[in-house]
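Got your viewer open and a hand on the mouse? Let's take a walk through this structure, one selection at a time.

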Amino acid sequence: MALKQAITVLAFAALAVTVCPTSRAQSGAPTSTQGGAPAPPGGVWNAKAPWGPLQTAGKRSGPPSEQTRDPFKIFDNVYYVGLHFVSSYVVTTSAGLVLIDATFGDTSDSVLENIRKLGFNPSNVKYIFITHSHLDHFGGAGKIQEATGARVGMSLEDWQSVETQQKSESTNKALGLRLVRDLVIKDNDTINVGDTRFKFYFTPGHTVGATSLEFQVKDRGKSYRAIVPGGMGMQFGPEWTAVFIKSVERLKQLGPWDVMLGNHPFLMPKDLELEIEPALAKRGDGPNPAVAGPAAINQWFDAVLKVANEKLAAEQSQPAK
């Protein structure tokens, strides 16, 4: 699938709406653990989910070359360096920078340039944590690792998926430079980077190895408990629906959470780009609009679970083949 098609498949239409692209390369399939077949489009269920049409709002439905944008500060230690469509965050610590997700292979330069625009040196990036094995999240990691010397971490299952994709479709520029397996992150692992502790939770469903991460965000002398979910889109096949539900339930139970930072700007209670960024610009002495609070985050999880359970019921009602 051409890159433009891979993104414009997000158009809000009958069976074409997805949260991560669903071509063979983008789905993370085939792998033996995913049943050996690409996941089908999940447009119906993503359209019903809380993010609904937000996934195509603004400039999000163009090809990667049209997705670049300027960075902005969210918290005293967290900055957005991603695209209109897919998120990438820089977390500052006393021992260097941490990057959460790397966007596409052919937008990695934009991430690096955004780090520079913020006044940081990319050579200070010590870790690149990848939430899941879709190419809009891992594709840029190889180029960014080459430029920074950072360690790249993801789950074993997603490492295997990335390796399969980069081996079989290495001509796709969005897949980026080939990665060599580096840091394998396990469930409940913690990694301390200077004064910041990252904790990881294995939350499969969106991909076979999706991993969520927790850390403290800082704002004007206060600290808040934040979660970056490993993947929330529902374009996976029926064999993964119950797994996804269990993962979302786990994330809710691990709360209370003060802050959710989606790995797409629309995968959170308030849209990061359309709502939170403008509110930050005129915040003044008021509260940080990115602090959603436990009640709003739990309500959002409940809305996701409602749609996921509807998906499960619909799939279970289908006659066995």
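Here is a tour that goes from sheets to helices and then to a few odd spots in the backbone. Keep in mind that what you have on screen is a predicted model.

**Stop 1: the seven-stranded sheet**

Start by selecting strands S1 to S7. They form an open sheet of seven strands, in the order S1-S2-S3-S4-S5-S6-S7, and the pairing is mixed. Which strands stand at the edges? Colour S1 (72-75) and S7: each has a single partner strand, so one side of each is left without a neighbour in the sheet.

Stay at the S7 end and add S6, residues 151-154. S6 and S7 run parallel and are joined by two bridges. To see a facing pair, pick Gly153, which stands opposite Leu183 in S7.

Now go to the other end and select helix H9, residues 272-281. H9 lies across S1, S2 (78-80) and S3 (89-93), and it runs at about 85° to S1.

**Stop 2: the five-stranded sheet**

Next, select S8 to S12. Here is another open sheet with mixed pairing, this one with five strands in the order S8-S9-S10-S11-S12. Its edge strands are S8 and S12, each pairing on one side only.

Zoom in on S10, residues 211-219. Is S10 mostly covered or mostly uncovered? Mostly covered: seven of its nine residues are buried.

Look at the neighbours of S10 one by one:

- S9 (residues 196-202) runs antiparallel to S10, and four bridges join them. Click Phe202 and you'll find its bridge partner, Thr211, in S10.
- S11 (residues 222-228) is also antiparallel to S10, with seven bridges between them. Phe215 stands opposite Ala226 in S11.

Follow the chain from S10 into S11 and you go round a hairpin with two residues between the strands. Arg220, in this hairpin, takes a positive phi near 50°.

Carry on from S11 to S12. This pair runs parallel, with two bridges, and Ile227 has Met260 in S12 as its bridge partner.

**Stop 3: two helices that pack**

Two packed helices are described by the angle between their axes and the distance between the axes. Try that on H4 (residues 108-117) and H6 (residues 141-148): they pack at about 45°, with axes 8 Å apart. That angle makes H4 oblique to H6. The crossing is right-handed.

Show the side chains where they touch. From H4 come Ser108, Asp109, Val111 and Leu112, and they meet Lys143, Ile144, Ala147 and Thr148 of H6. This contact is made up of four nonpolar, two polar and two charged residues.

**Stop 4: backbone oddities**

Most residues other than glycine have a negative phi, and most peptide bonds are trans. Now for some exceptions.

Select Thr103, in the loop between S4 (96-100) and H4. Its phi is positive, near 60°. Is Thr103 buried or exposed? Buried, with a relative accessible area of 0%.

Then jump to Asn188, in the loop between S7 (183-184) and S8 (190-193). Asn188 has a positive phi too, near 70°, but this residue is partly exposed, with a relative accessible area of 40%.

For the last click, go to Pro256 in the loop between H8 (241-253) and S12 (259-260). The peptide bond joining Gly255 and Pro256 is cis, with omega about 10°.

Conventions
Residues are numbered from 1 along each chain as its sequence is written. This is a predicted model: local features need pLDDT of at least 70, side-chain atom pairs count only at pLDDT 80 or more; totals for chains, interfaces and linings use all residues. Side-chain values use heavy atoms; hydrogens and water are left out. Axes are lines fitted to C-alpha atoms, for helices over the stretch in contact, and angles run from 0 to 180 degrees between N-to-C directions. Angles under 35 degrees count as roughly parallel, over 145 as roughly antiparallel, 65 to 115 as roughly perpendicular and the rest as oblique. A crossing is left-handed if the near helix is turned anticlockwise from the far one by less than a right angle, and right-handed if clockwise. Contact means heavy atoms within 4.5 Å. Ala, Val, Leu, Ile, Met, Phe, Trp, Tyr, Cys and Pro count as nonpolar, Asp, Glu, Lys and Arg as charged, and the others, Gly among them, as polar. Buried means under 20% relative accessible area, exposed over 50%, partly exposed in between (1.4 Å probe, protein chains only). Two strands pair if DSSP finds at least two bridges between them.
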